[in-house]
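Before reading on, take a moment to look at the sequence and the model side by side. The paragraphs below go through the strands, then the aromatic rings, and then the nonpolar cores.

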Amino acid sequence: MMVDKRHLRPSGQAGQAVFPLYGFQPPVGTPYGLEVNTIEDFFAQHDNWPWNPPRPIRAGFHYLIAVTEGELRHDIDHVTRTVAPGQWLWGRPGHTLCWHPPGTARGPFIMFEPDVLRPELARLLAPLTAHDAPAVLSPHPEDAAWLLQTAFQLLDEHRALGRRPLDVHHALRRSLLESLLLRLAGAPGIAPVGTVTAGAGLADRYGRFLDALELHFRELHQAADYAELLGCSVRTLSRAARDATGKGVRELIDERRLLEARRLLGVARWDARAVAVHLGFTDPANFGRFFRDRTGLTPAAFAARDSGPHP
């Protein structure tokens with residue numbers, strides 16, 4: 001069993017509006033927060049995964065899929081992506097995800113927790129691991145073969161548990177993963193690695209804030225909530241956010257809630273009351289004012305005008 005399913009049901013939210021959160025729990029004997037499989041084997045081994053009918057979930061970990069054969073259909077944040085051979089799909093912590101049965105799709109499937117990456121590598125890779133980075137990556141043709149070869153080497157090492165000392169085994173897996181991600185960061189649409197300009201400590205804190213925001217934006221809405229969660233002062237968190245984005249923590253929280261509202265009202269076609277409950281508003285009228293103040297439209301007007309995909 002790869003995951004431990006648990007429902008997050010914050011106080012005051014309706015059960016129908018809460019997606020189950022899948023946390024990382026690799027098979028017994030697998031060391032550390034990294035698992036490597038193939039699409040076909042994962043599908044065969046997990047009959048409890050929400051494949052058919054497809055149901056939306058959230059994951060607390062990264063998963064990266066390289067498609068080598070067939071096509072993979074997958075929803076990320078309520079937008080259906082079709083991943084062709086040679087492309088990579090990336091689901092990041094906090095994304096709303098919905099699997100479709102993989103059919104004839106084949107390829108390596110890598111799952112890892114953010115903490116697997118060493119802090120200095122995590123900072124370099126911030127443009128790639130960011131929540132708003134592209135969900136489908138098309139590597140540069142000169143990198144494509146190398147990336148696939150490295151992914152299969154990582155799969156081979158993952159399956160070689162017991163062949164060499166455990167610390168060596170883990171070091172090899174992490175090294176292969178980090179090498180793969182550094183090369184994949186060169187894909188079109190990703191900012192060059194190392195372009196994060198905030199100080200290292202503040203950049204790390206801002207990155208942890210983003211991770212926390214993706215998992216908790218529905219129930220935590222104040223800067224103080226996140227400062228307490230991250231074990232720092234509101235002032236320190238605010239400085240990290242402003243250094244990285246020029247925006248305050250509350251503004252970033254509101255932007256994330258608004259983005260989710262737009263996705264649910266448009267692509268997913270939820271009604272305004274359900275969206276209000278999902279986002280932690282105690283009164284649909286408060287949600288209506290929140291949405292109108294930031295978009296100039298009521299939720300109903302927005303849903304009627306724009307039901308197409310959103311970024």
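Two strands are said to pair if DSSP, a program that assigns helices and strands, finds at least two bridges between them. In this predicted model, strand E5 (residues 62–66) and strand E8 (residues 88–91) are joined by 4 bridges and run antiparallel, and within this pairing Leu 64 faces Trp 90 of E8. In general, it is backbone hydrogen bonds through which the strands of a sheet pair, in either a parallel or an antiparallel sense.

E5 and E8 belong to an open sheet of 5 strands, which follow one another in the order E3-E10-E5-E8-E11 with antiparallel pairing. At its edges lie strand E3 (34–38) and strand E11 (136–137), each of which pairs on one side only. Helix H4 (residues 141–158) packs on this sheet, where it touches E3, E5, E8 and strand E10 (108–112), and the direction of H4 makes about 110 degrees with that of E3.

Another set of pairings centres on strand E6 (residues 72–76), which is largely enclosed by the rest of the structure, because 4 of its 5 residues are buried. E6 is joined by 5 bridges to strand E7 (residues 79–83), with the two running antiparallel, and here Ile 76 stands opposite Val 79 in E7. These two strands make a hairpin with 2 residues between them, and Asp 77, which lies in the turn, has a positive phi of about 50 degrees. E6 also pairs with strand E9 (residues 96–99), again in the antiparallel sense, over 3 bridges, and in this pairing His 74 is placed opposite Trp 99 in E9.

The aromatic rings offer another way to follow the chain, since the structure holds 13 aromatic pairs. One of them is the tilted pair of Phe 61 and Tyr 63, whose centres are 6.3 Å apart and whose planes make 50 degrees; both of these residues are buried. The pair of Trp 90 and Phe 112 is edge-to-face, at 6.2 Å centre to centre and with 75 degrees between the planes, and it links distant parts of the chain, as Trp 90 lies in strand E8 and Phe 112 in strand E10, 22 residues apart. Are Trp 90 and Phe 112 buried or exposed? Residues under 20% relative accessible area are classed as buried, so Trp 90, at 0% relative accessibility, counts as buried, and Phe 112, at 0% relative accessibility, counts as buried too. Ring pairs also connect Phe 42, Phe 61, Tyr 63, Trp 99 and Phe 109 into a cluster.

Nonpolar side chains tend to be buried together in soluble globular proteins. In this model the largest nonpolar core has 32 residues, and those with the most contacts inside it are Phe 209, Tyr 226, Leu 237, Val 275 and Phe 287. Helices H6, H7, H8, H9, H10, H11 and H12 each supply at least two residues of this core, and H9 gives the most, with 7 residues. Leaving aside residues up to four places away in sequence, Tyr 226 touches a number of residues, including Phe 209, Leu 213, Leu 237 and Ile 253. A second, separate core of 27 residues includes Leu 64, Leu 117, Ala 133 and Ile 190.

Finally, some rings have a charged group over them. The charged end of Arg 218 sits over the ring of Phe 217, 4.8 Å from its centre, while Arg 257 lies over the face of Phe 290, at 5.6 Å from the ring centre.

Notes
Residues are numbered from 1 along each chain as its sequence is written. This is a predicted model: local features need pLDDT of at least 70, side-chain atom pairs count only at pLDDT 80 or more; totals for chains, interfaces and linings use all residues. Side-chain values use heavy atoms; hydrogens and water are left out. A nonpolar core is a set of buried Ala, Val, Leu, Ile, Met, Phe, Trp, Tyr and Cys residues joined through side-chain atoms within 4.5 Å. Buried means under 20% relative accessible area, exposed over 50%, partly exposed in between (1.4 Å probe, protein chains only). Contact means heavy atoms within 4.5 Å. Axes are lines fitted to C-alpha atoms, for helices over the stretch in contact, and angles run from 0 to 180 degrees between N-to-C directions. Rings of Phe, Tyr and Trp (its six-membered ring) pair if their centres lie within 6.5 Å; planes under 30 degrees apart count as stacked, over 60 as edge-to-face and the rest as tilted. A charge sits over a ring if NZ of Lys or CZ of Arg is within 6 Å of the ring centre and within 35 degrees of the ring normal.
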